[in-house]
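Subject: Structure handover

Hello,

Here is the structure I promised to pass on. My notes follow below it.

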Amino acid sequence: MTLGHGPKEACGVFGVFGHDDAAKLTYFGLYALQHRGQESAGIVTSAGTSIYEHKGMGLVHDVFNEPILNGLRGRVAVGHVRYSTTGSSVAKNAQPFVASHGGKTLAIGHNGNLTNARRLRRDLEGKGSIFQTTMDSEIIVHLLARNLKGGMEEALVKAASQIQGAYSCVLMTQDQLIAFRDPHGFRPLCLGMLNGAYIVASETCALDLVDARYLRDVAPGEILMIGEEGLKSIKPFPKCQSTFCIFEYIYFARPDSNIFGHNVYAIRKKLGMKLAQEYPLKADFAMPFPDSGNYAAIGFCHESGIPLEMGVIRNHYVGRTFIEPAQSMRDFGVKIKLNPVREILHDKRVVIVEDSIIRGTTSKMRIKTLREAGAKEVHMVVSCPPHRYPCFYGIDFSTKGELIACQHSVEEVQNFIGLDSLCYLSLPGMVEATGIQQDGFCLACFNGKYPIQPEADIAKLCLEY
Ligand code: SF4
């Protein structure tokens, strides 16, 4: 994943029920999920009657320290790392979102985007609801609060039956941890166990870090309610076709995670193998821009017999911001992160294996540095088809203008980036590499077939008016 350049994920969520170190476990869980959101982080815990919370802008290790974690008491916790897909990146929009109603305190962490957020918010405001944030996640809390009279289970079913779109959520009350996932199952969510405590996480890599045993995925449309009396599962909605986000496999999820029942590393490698089958190329070596494309590159080289080299070296210690040199240094921003190795690149025919091209501007700058380092030919193979349509389910390319392939032909993209050739993996090839049936996926950003039609005016800042 190329932090800061590629598309950003919506969020990562983590929850614990029944562990003395609930806050610390959540901290480590969020650490493992940091790739899913780097703008803000938060943890809320419950010690029965008292709720503790801490949230802030920045990375998990910037937001928390030992004294803060020690102050987050209790055996129930929910945590969240955020990249904003609805609402600005400001402190008030950090999650988990906490609200009190009728003596009950709720804290929610949400991954995904609601597609009917604008209408629901207008309706709720028309009935007197006052919103504290511009996040769609707050709508879920308002809907719950309006239906709490009949108990939490009834409130959850009523709220979930009104919201549409993508949501994998962790919700905490004083004495319960609740996990629920939209009926289409766009975003992943899994359940694990550690010494009798239940753990819920966006990805299995977070379970691994805290030594929790993976039990199963939270099923699409399932609501899991976990309390002192144990775990209760309800599936109140008519079963519908799952539409997992295929881009989780291509780009977002960590390669050491298993999501939607399959290992991400293995699928990325197969995507690379498929590319090699679809596009037999002649080259001296193939390389990824680390870390995007690493695993597809392994598969591509394995299948094609083209040697794998690392033609650029990544500086792992570059922070989110850095001081620009006083005098203008050419391509400083690119080179500080990825520096080409001239001795490897000089006079060579190179194939770059990329996981995706969204805006194309970063690729353009990187290819320029390879040419300057002496590469003779630069070809690019991409482990998914061109992104021609926006995503409304929690990924940050929500307008066509952000997608180069929406406006331009493959040849135009190739010329813009400065390549000798450009090949995208076919849609059937991409799906086949996953081993999952095509109708089990959302492919909307590739083929424009949206599993849920979004409201006409939905966009990142649509709730800021
Ligand atoms: S539109 Fe693309 S990125 Fe968005 S959920 Fe569907 S497959 Fe994933």
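Start at Gly 305, just after helix 10: this glycine takes a positive phi of about 80 degrees. Keep in mind that this is a predicted model.

Helix 10 itself spans residues 294–304. Its buried residues are Asn 294, Ala 296, Ala 297, Gly 299, Phe 300 and Cys 301. Several elements cover them, including helix 9 (264–278) and strand 17 (285–288). Strand 20 (349–354) and strand 21 (377–382) are also part of that cover.

Phe 300 turns up again in the core. The largest nonpolar core has 74 residues. Phe 300 is among those with the most contacts inside it, along with Phe 247, Leu 370 and Met 430. Helix 8 (residues 246–252) gives this core its largest share, six residues. A second core is separate and has 31 residues. Leu 106, Ile 108, Leu 124 and Ala 159 belong to that second core. As background, nonpolar side chains tend to be buried together in soluble globular proteins.

Now the ligand. It sits in the largest cavity. Two elements give two or more residues to the shell around it: helix 8 and helix 17 (444–447). The residues around the ligand include four cysteines, Cys 245, Cys 391, Cys 442 and Cys 445. Arg 187, Ile 246, Phe 247, Tyr 393, Ile 395 and Ala 444 are there too. Note Phe 247: it is around the ligand, and it is also among the residues with the most contacts in the largest core.

Next, helix 15 (residues 410–417). Val 413, Gln 414 and Ile 417 are its buried residues. Seen down the helix axis, they fall within an arc of 100 degrees, so they line one face. The general rule behind such patterns: an α-helix has 3.6 residues a turn, so residues three or four places apart point the same way. Glu 411 and Asn 415 are exposed on the other side of helix 15. The buried residues pack against helix 13 (361–372), helix 14 (404–407) and strand 22 (421–424). Just after helix 15 comes Gly 418, with a positive phi of about 90 degrees.

One last site: Lys 158, in helix 6 (residues 152–162). Is Lys 158 buried, exposed or partly exposed? Its relative accessible area is 37%. Buried means under 20% and exposed means over 50%, so Lys 158 is partly exposed. Lys 158 and Asn 147 are 11 residues apart in sequence. In space, they are 7.1 Å apart, C-alpha to C-alpha.

Best wishes

Terms used: Residues numbered from 1 in each chain as written. Predicted model: local features only at pLDDT ≥ 70, side-chain atom pairs only at ≥ 80, totals over all residues. Heavy atoms only, no water. Buried < 20%, exposed > 50% of the residue type's maximum accessible area, 1.4 Å probe, protein only. Helix = DSSP H or I, 4+ residues; strand = E, 2+ residues; numbered from the N terminus. Arc of directions from axis to C-beta. Contact = heavy atoms within 4.5 Å. Core = buried A, V, L, I, M, F, W, Y, C linked by side-chain atoms within 4.5 Å. Near = heavy atom within 4 Å. 1 Å grid on protein atoms, 1.4 Å probe; cavity = no way out; pocket = protein on both sides within 12 Å on 5 of 7 lines; lining within 4 Å. Sits in = over half its atoms within 2 Å of the grid points.
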